[in-house]
2 protein chains.
Amino acid sequence: MKYSSSKENYIKAIFHLQRSSENVSTNALANALQTKPASVTDMLKKLKEQKILQYERYKGVRLTAEGKKIALLIIRKHRLWEYFLVEKLQFGWEEVHEIAEELEHISSKKLIDRLDDFLGNPRKDPHGDPIPDANGKMPVLQQISLDAIELNKPMEITGIGNQTPELMELLQRTNIKIGSKLEVKKKFSFDNSLEIKMRNAAPFIISQFLAKNLLVNDEE
Amino acid sequence: MKYSSSKENYIKAIFHLQRSSENVSTNALANALQTKPASVTDMLKKLKEQKILQYERYKGVRLTAEGKKIALLIIRKHRLWEYFLVEKLQFGWEEVHEIAEELEHISSKKLIDRLDDFLGNPRKDPHGDPIPDANGKMPVLQQISLDAIELNKPMEITGIGNQTPELMELLQRTNIKIGSKLEVKKKFSFDNSLEIKMRNAAPFIISQFLAKNLLVNDEE
DNA sequence: TAAAAAATTTAGATTTACCTAAATTTATTT
DNA sequence: AAATAAATTTAGGTAAATCTAAATTTTTTA
């Protein structure tokens, strides 16, 4: 089966939004897809027909096993193309997302599997996100503490070490949470504190102690 | 400006059909695009609005300078992607056309220029067709006689040597014409005749004398 | 818990790119 | 040149993916 780019975008958006176990709401989807809630409702009915998701009026939506499989293939394509653009065509990692949004809808499975081999079967895309394999399995990346990573490499917060209320209070204040994308810009040798840059926010400094309690994905 | 994949396909088809100086007919386009003449008429009106082509009812159509520029960019993309698929991803040259039909609609100009550099600025695609450069200039490939080429390399007939009626008569019979795609499968040392395979046709044999009068593009 | 607010759905349109069938224009034959 | 055939266009529709405005359902709040 083949799906329109529009349908693929819905499937992908639902996949990303349904992490938190609850059903995905019509409004959340409309927002993620930059469209109107009424349009979302229309499309959900069609995707339900195709058994790609479970949907009940007013109850939100959730992908079926089939839907997840499709989502993972699209994500695989997106991330492999991003890797190609950065590693082979010298693009900066900030500029590849938009192009990959188009490339992810190219249908050939053979193409993407060949591309995967050509690239040496990378596990992570340039943003640090894991790349699903040809069977749709998403590798679980090793977590290491933010304290130990290289400068200027984009990373995603994937875990919090010592989940005390005190730590949570500080995280709240700094607005760091699971899924936050950030880079370490500098290490200050005076107290080993780190300068952090999160997307759409001014850089700020965190202590080494906090950094040790923030886990990011890494590997190799 | 950006055009839908459908519009791009019309532009490309017109470009390929208008070689022979006459206007391109609605029927020829419908046939090339596997659609109905009525649909073609609809689309031609829209493309005329956008100054991409000159069109008068019942008189056929011809690209404007702007239209040709767009066509050459699409052809550039198509052929560079084909080259990539064959040279980097180990596809056979017969299987890349379909995939390139999708890839040619990816919009990023920067992407295609980077890809061009990555591939080493090739002049010909895997089928032997010339690749337009970043300015839309199509290189004129050197013509050499069919007698002199390697076995099993796809070539296109780009010229006829000695245009006598006698030669033309023979070409008519063998169905070889400018634009024909073919491969030389074998050379027979007995009389230096060649076994030729054209797409969608049974292989046949031509004399060395005929082969010397058929020009194909080559280079490198 | 009833009223107000927010979220969601339905109803009815719009645009793009198609289609079929009928009408019109151009080309070809007798 | 009139008649026939072929090519092309027009008229009227359809499906996909949107939209706005109005109606409905759910959630929140006073």
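How are H4(A) and H6(A) oriented to each other? In this predicted model, the two helices are oblique to each other. Here is how that comes about, followed by a look at the two DNA strands.

**A helix pair in chain A**

Two packed helices are described by the angle between their axes and the distance between the axes. Helix H4 of chain A covers residues 65-87, and helix H6 of chain A covers residues 109-118. They pack at an angle of about 40 degrees, and their axes are 10 Å apart. Angles of 65 to 115 degrees would count as roughly perpendicular and those under 35 degrees as roughly parallel, so H4(A) and H6(A) are oblique. Their crossing is left-handed.

On the H4(A) side, the residues that meet H6(A) are Arg76(A), Lys77(A), Leu80(A), Trp81(A) and Phe84(A). Their partners in H6(A) are Leu111(A), Ile112(A), Asp113(A), Leu115(A), Asp116(A) and Phe118(A). Sorted by class, this contact has seven nonpolar and four charged residues, with no polar ones.

**Around DNA strand D**

Now to the DNA. DNA strand D is surrounded by 22 residues, and the closest are Ser4(A), Thr35(A), Ser39(A), Lys45(B) and Tyr55(B). Of the strand D atoms within 4 Å of the protein, 75% belong to sugar or phosphate, while the rest belong to bases. One base contact to look for is at Asp42(A), where an N or O atom of the side chain is 3.2 Å from a base oxygen of DNA strand D. The elements that give two or more residues to this surface are H1 (5-17) and H3 (37-49) of chain A, together with H2 (26-32) and H3 (37-49) of chain B. H3(A) gives the most, with five residues. The surface has eight nonpolar, eight polar and six charged residues.

**Around DNA strand C**

DNA strand C has 22 residues around it, with Lys45(A), Tyr55(A), Ser4(B), Thr35(B) and Ser39(B) coming nearest. Here 78% of the strand atoms within 4 Å of the protein are from sugar or phosphate. H3(B) gives the most to the surface near DNA strand C, with five residues. By class, that surface divides into eight nonpolar, eight polar and six charged residues.

**Phosphate contacts**

The table lists contacts with phosphate oxygens of the two strands.

| Residue and atom | DNA strand | Distance to phosphate oxygen |
|---|---|---|
| Arg57(B), side-chain N or O | strand D | 3.0 Å |
| Tyr58(B), polar backbone atom | strand D | 2.8 Å |
| Tyr55(A), polar side-chain atom | strand C | 2.4 Å |
| Arg57(A), side-chain N or O | strand C | 3.0 Å |
| Tyr58(A), polar backbone atom | strand C | 2.8 Å |

How values were computed:
Residues are numbered from 1 along each chain as its sequence is written. Chains are lettered from A and ligands numbered from 1 in the order in which they are written. This is a predicted model: local features need pLDDT of at least 70, side-chain atom pairs count only at pLDDT 80 or more; totals for chains, interfaces and linings use all residues. Side-chain values use heavy atoms; hydrogens and water are left out. Axes are lines fitted to C-alpha atoms, for helices over the stretch in contact, and angles run from 0 to 180 degrees between N-to-C directions. Helices (H or I, at least four residues) and strands (E, at least two) are DSSP runs, numbered from the N terminus. Angles under 35 degrees count as roughly parallel, over 145 as roughly antiparallel, 65 to 115 as roughly perpendicular and the rest as oblique. A crossing is left-handed if the near helix is turned anticlockwise from the far one by less than a right angle, and right-handed if clockwise. Contact means heavy atoms within 4.5 Å. Ala, Val, Leu, Ile, Met, Phe, Trp, Tyr, Cys and Pro count as nonpolar, Asp, Glu, Lys and Arg as charged, and the others, Gly among them, as polar. A residue is near a molecule or strand if one of its heavy atoms lies within 4 Å of it. A polar contact is a pair of N or O atoms within 3.5 Å; within protein, one must be able to donate a hydrogen and the other to accept it, and residues adjacent in sequence count only if both atoms are side-chain atoms.
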